[in-house]
Amino acid sequence: AVVSTQSTGDLIEWLISHLNKCLLPEVPLIIVSPVADAALAHPDIYGEWLNDAKQAKLYVPELPFVHSQLIKNKRIHHFNSVAEGMGEVYRNPCIVFAGHPSLRCGDSVLLLEKWRD
């Protein structure tokens, strides 16, 4: 599946907002992908693809997406692979974005095997 980085940023914002409303402000989001760094940077770099509200934020000293601040505050962590250091920040509960949508290849398989028990 192809999901635009704006949609991903909006999904992350919604998840964080929902977790906060559910009194779960410490639940981390972990993103495991070889393109995570670039995907998280693009919304802030390519402002012309943002909606009007977020484009307006580009001209004030404020980050247009909440995820940029959450990365700074260590609520969102991103890794190229599970082996890269995810174990250092992993804890239950958490939300993990990883791998292929089928969950049958890549880092998803490792995570499912770990969580199976």
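1. Let's start with Val66, which sits in helix α4 (residues 66–72) of this predicted model. Is Val66 buried, exposed or something in between? With a relative accessibility of 37%, Val66 counts as partly exposed, because buried would need a value under 20% and exposed one over 50%. Val66 also shows how the chain folds back on itself: Ile16 is 50 residues away in sequence, yet the two C-alpha atoms are 8.9 Å apart.

2. Now the overall layout. The protein has 6 helices and 3 strands, and reading from the N terminus they come in the order α-β-α-α-α-β-α-β-α. There are 117 residues, 32% of them buried. The exposed surface of the protein is about 7700 Å², and carbon and sulfur atoms supply 59% of that. If you take the contacts between residues at least 6 apart in sequence, 68% of them link residues at least 24 apart.

3. Next, the sheet. It is open, has 3 strands in the order β2-β1-β3, and the pairing is parallel. Why is one side of β2 and of β3 left without a neighbour in the sheet? Both strands stand at the edges and have a single partner strand each, so that side stays unpaired. From one strand to the next, the twist averages 15 degrees.

4. Look at the pairings of β1 in turn. Strand β1 (29–32) is joined to β2 (residues 76–79) by 4 bridges, and the two run parallel. On that side, Leu29 stands opposite Ile76. Another 4 bridges join β1 to β3, again running parallel. Here Ile31 faces Phe97 of β3, and Val32 has Ala98 of β3 as its bridge partner.

5. What about the two faces of β1? Both are covered. Leu29 and Ile31 are buried on one side, and Ile30 and Val32 are buried on the other.

6. On to the nonpolar cores. In soluble globular proteins, nonpolar side chains tend to be buried together. In this model the largest nonpolar core has 11 residues, including Ile12, Leu15, Ile16, Leu19, Leu29, Ile31 and Ile76. Which elements give two or more residues to this core? They are α1 (5–21), β1 and α2 (36–45). The biggest share comes from α1, which gives 4 residues.

7. A separate, second core has 8 residues, among them Ile30, Met86, Cys94 and Ala98. Set that beside the two faces of β1: Leu29 and Ile31 belong to the largest core, while Ile30, on the other side of the strand, belongs to the second one.

8. Leu15 is worth clicking on. Leaving aside residues up to four places away in sequence, Leu15 touches Leu29, Ile95 and Phe97. Leu29 is a fellow member of the largest core, and Phe97 is the residue that stands opposite Ile31 across the β1–β3 pairing.

9. At the other end of the chain is helix α6 (residues 107–116), where Asp107, Ser108 and Leu111 are buried. These three cover an arc of only 100 degrees around the axis, which puts them on the same side of α6. What lies over them? The cover includes β1 (29–32), α5 (86–89) and β3 (95–98).

10. Finally, some backbone details to check by eye. Most residues other than glycine have a negative phi, and most peptide bonds are trans. Against that background, the peptide bond from Asn92 to Pro93 is cis, with omega near -5 degrees. Pro93 lies in the loop between α5 and β3.

11. There are also positive phi values in residues other than glycine. One is at Leu23, where phi is near 60 degrees. Leu23 sits in the loop between α1 and β1 and is exposed, with a relative accessible area of 71%. Another is at Lys74, with phi near 65 degrees. Lys74 belongs to the loop between α4 and β2. Is Lys74 buried or exposed? At 62% relative accessibility, Lys74 counts as exposed.

Terms used: Residues are numbered from 1 along each chain as its sequence is written. This is a predicted model: local features need pLDDT of at least 70, side-chain atom pairs count only at pLDDT 80 or more; totals for chains, interfaces and linings use all residues. Side-chain values use heavy atoms; hydrogens and water are left out. Buried means under 20% relative accessible area, exposed over 50%, partly exposed in between (1.4 Å probe, protein chains only). Contact means heavy atoms within 4.5 Å. Accessible areas come from the Shrake-Rupley method with a 1.4 Å probe; for residues, only the protein chains shown count as cover. The arc is that of the directions from the helix axis to the C-beta atoms. Two strands pair if DSSP finds at least two bridges between them. Axes are lines fitted to C-alpha atoms, for helices over the stretch in contact, and angles run from 0 to 180 degrees between N-to-C directions. A nonpolar core is a set of buried Ala, Val, Leu, Ile, Met, Phe, Trp, Tyr and Cys residues joined through side-chain atoms within 4.5 Å.
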